[in-house]
Amino acid sequence: MKAGFLEKLIGRLGRIGPEEVQNYFLRLAQEKGFLETVFNAIQEGIIVTDSNGRITYLNAAACQLFGIESENAIGKRLDERVRGLDWEALTQSGGPVSRDMEIFYPQNRFINFYIVPLVIEPRTSEDKIDISSEEVGHAMILRDITESRRTERQTIESERLNALTLLAAGVAHEIGNPLNSLNIHLQLIERQARKLDGPARAELQESIDIARAEISRLDSIVTQFLRAIRPTRPQMHPESINAVVEEAVRFFASEIRDRDYVVEQELQSDLPLLQLDRDQMNQAVYNVIKNSLQAVERRGILRIRTDMDESHVLVSFTDTGGGISAENLSRIFEPYFTTKTTGTGLGLLIVRRIVREHGGELSIESSEGKGLTLTIRLPYIDKRVRMLEAGDSERGA
């Protein structure tokens, strides 16, 4: 629209005829359609509201970001269509505001909101009537910054994990020395015990055996902890993910029975074999089930389901626990962060590390009070390439 067009139209409103008014309206409609085409073509979301926060325009990108339809959103308050948005806090400054926010529907994304108030500047008409300045609404530009935030998160996670690995190695070293010393002294005590006779020798030997078993168990725990935090390169072999799940469930059989816990398994029988390090993947599934058992009270339910799509095998774990709030969900992979009184905050961090070592990914969906679903996605071995149809190659040429 040419500069000054609206000003000229406003100035001539009292002197133009019906036909000329129709021409002006047609021109305005054409200009509006052109601008909407341009706005819908750009990737950034655009939302325009009136002074009461009611939506007067939004482009296709904004609809996609928030999972709403333009027809159902026009005329509605923005904070009604985007629940959790603090409209007053975003607009109270009276000037441009830039804020980063995390949204969870329809997808978990990070969005940068840039909001500018729309103000009609004061001007004087040809009839010398002063028109004072007035705030008529706000324009909002939405930019998806998910990838940059995730890259930043991954860098921070890597630094934290490196620090955690160094700490774990130091702790393991400090624990290892006393364990070796204890083992040596037990050997000396055992030699002295052999000089005794009767019940005293048997009782002392029994205590020595118990102490040695506990030292061995503690050494094994430290070793497993180090392997989990700093896993060795996976030794891949064709394995059944269903067998891994069944083995992990059997490990918890007695605890499941004692707590009246129900584990429902829906394991698809025709899944392809996966290239897995069975021990590491078993540890990952073990940690997931253990988390579910800790999150659910007696007589809870855990549903384990395996399935596949075009490129991945999916293993989902859905429990009936208390779920996780949106605030805590964003921190769930931080080292030592836990909502449990006895948790270490390392379980899911270890699970994701193992899954990523296998070329897969981990996702979690939850809301407070409504349980949690954790999904492991693992690529299957025979999906190396995707053949294109002839038409696809011709279009790419």
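In what order do the 5 strands of the open sheet with antiparallel pairing lie? The order is E2-E1-E7-E4-E3, where strands (E, at least two residues) and helices (H or I, at least four) are DSSP runs numbered from the N terminus. Two strands count as paired if DSSP finds at least two bridges between them. The structure described here is a predicted model, in which local features need pLDDT of at least 70 and side-chain atom pairs count only at pLDDT 80 or more, while totals for chains, interfaces and linings use all residues. Residues are numbered from 1 along each chain as its sequence is written, and side-chain values use heavy atoms, with hydrogens and water left out.

In this antiparallel sheet, the edge positions belong to strand E2 (55-58) and strand E3 (97-103), each of which pairs on one side only. From one strand to the next, the twist averages 25°; angles run from 0 to 180 degrees between N-to-C directions, and axes are lines fitted to C-alpha atoms, for helices over the stretch in contact. Strand E4 (residues 109-120) and strand E7 (residues 134-144) run antiparallel and are joined by 10 bridges. Across this pairing, Phe-113 stands opposite Leu-142 in E7.

Strand E7 also holds His-138. With 7% relative accessibility, His-138 counts as buried (buried means under 20% relative accessible area, exposed over 50%, and partly exposed in between, with a 1.4 Å probe and protein chains only). Leaving aside neighbours within four places in sequence, His-138 is in contact with several residues, among them Ile-47, Asp-50, Trp-87, Thr-91 and Ile-115; contact means heavy atoms within 4.5 Å. His-138 and Ser-51 lie 87 residues apart in sequence, yet their C-alpha atoms are 7.1 Å apart in space.

A further open sheet of 5 strands follows the order E9-E11-E12-E14-E13, and its pairing is mixed. Here the edge strands are strand E9 (262-267) and E13, each pairing on one side only. Neighbouring strands of this sheet are turned against each other by 15° on average, direction ignored. Strand E11 (residues 301-308) pairs with E12 in the antiparallel sense over 7 bridges, and Thr-306 has Val-315 in E12 as its bridge partner. Strand E12 (residues 312-319) runs antiparallel to strand E14 (residues 372-379), to which 8 bridges join it; Val-313 is matched there with its bridge partner Leu-378 in E14. Another 6 bridges join strand E13 (residues 361-366) to E14, again antiparallel, with Ser-366 opposite Leu-372 in E14. The hairpin of E13 and E14 has 5 residues between the strands, and in this hairpin Gly-369 takes a positive phi near 85°.

Helices accompany this mixed sheet. H9 lies across E9, E11, E12 and E14, running at about 170° to E9. H11 packs on the sheet as well, touching E11, E12 and E14, and its direction makes about 25° with that of E12. H11 also packs against helix H13 (residues 347-357), at an angle of about 145° and with the axes 9 Å apart. The residues that make this contact include Met-281, Ala-284 and Val-288 of H11 and Leu-348, Val-351 and Ile-354 of H13. H13 is largely enclosed by the rest of the structure, because 8 of its 11 residues are buried. Among the buried residues of H13 are Leu-349, Ile-350 and Arg-352. Just after H13, Gly-359 takes a positive phi of about 75°.

Aromatic rings complete the picture. The structure holds 4 aromatic pairs, counted for rings of Phe, Tyr and Trp (its six-membered ring) whose centres lie within 6.5 Å; planes under 30 degrees apart count as stacked, over 60 as edge-to-face and the rest as tilted. One of these is the edge-to-face pair of Phe-251 and Tyr-286, at 5.2 Å centre to centre and 75° between the planes. This pair links distant parts of the chain, with Phe-251 in helix H9 (residues 241-251) and Tyr-286 in helix H11 (residues 278-295), 35 residues apart. Phe-251 is exposed, at a relative accessible area of 57%, whereas Tyr-286 is partly exposed at 25%. The rings of Phe-252 and Tyr-286 form a stacked pair, because their centres are 4.9 Å apart and their planes are at 25°. Phe-252, in the loop between H9 and helix H10 (253-258), is 34 residues from Tyr-286, and is buried with a relative accessible area of 4%. Together, Phe-251, Phe-252 and Tyr-286 form one aromatic cluster.
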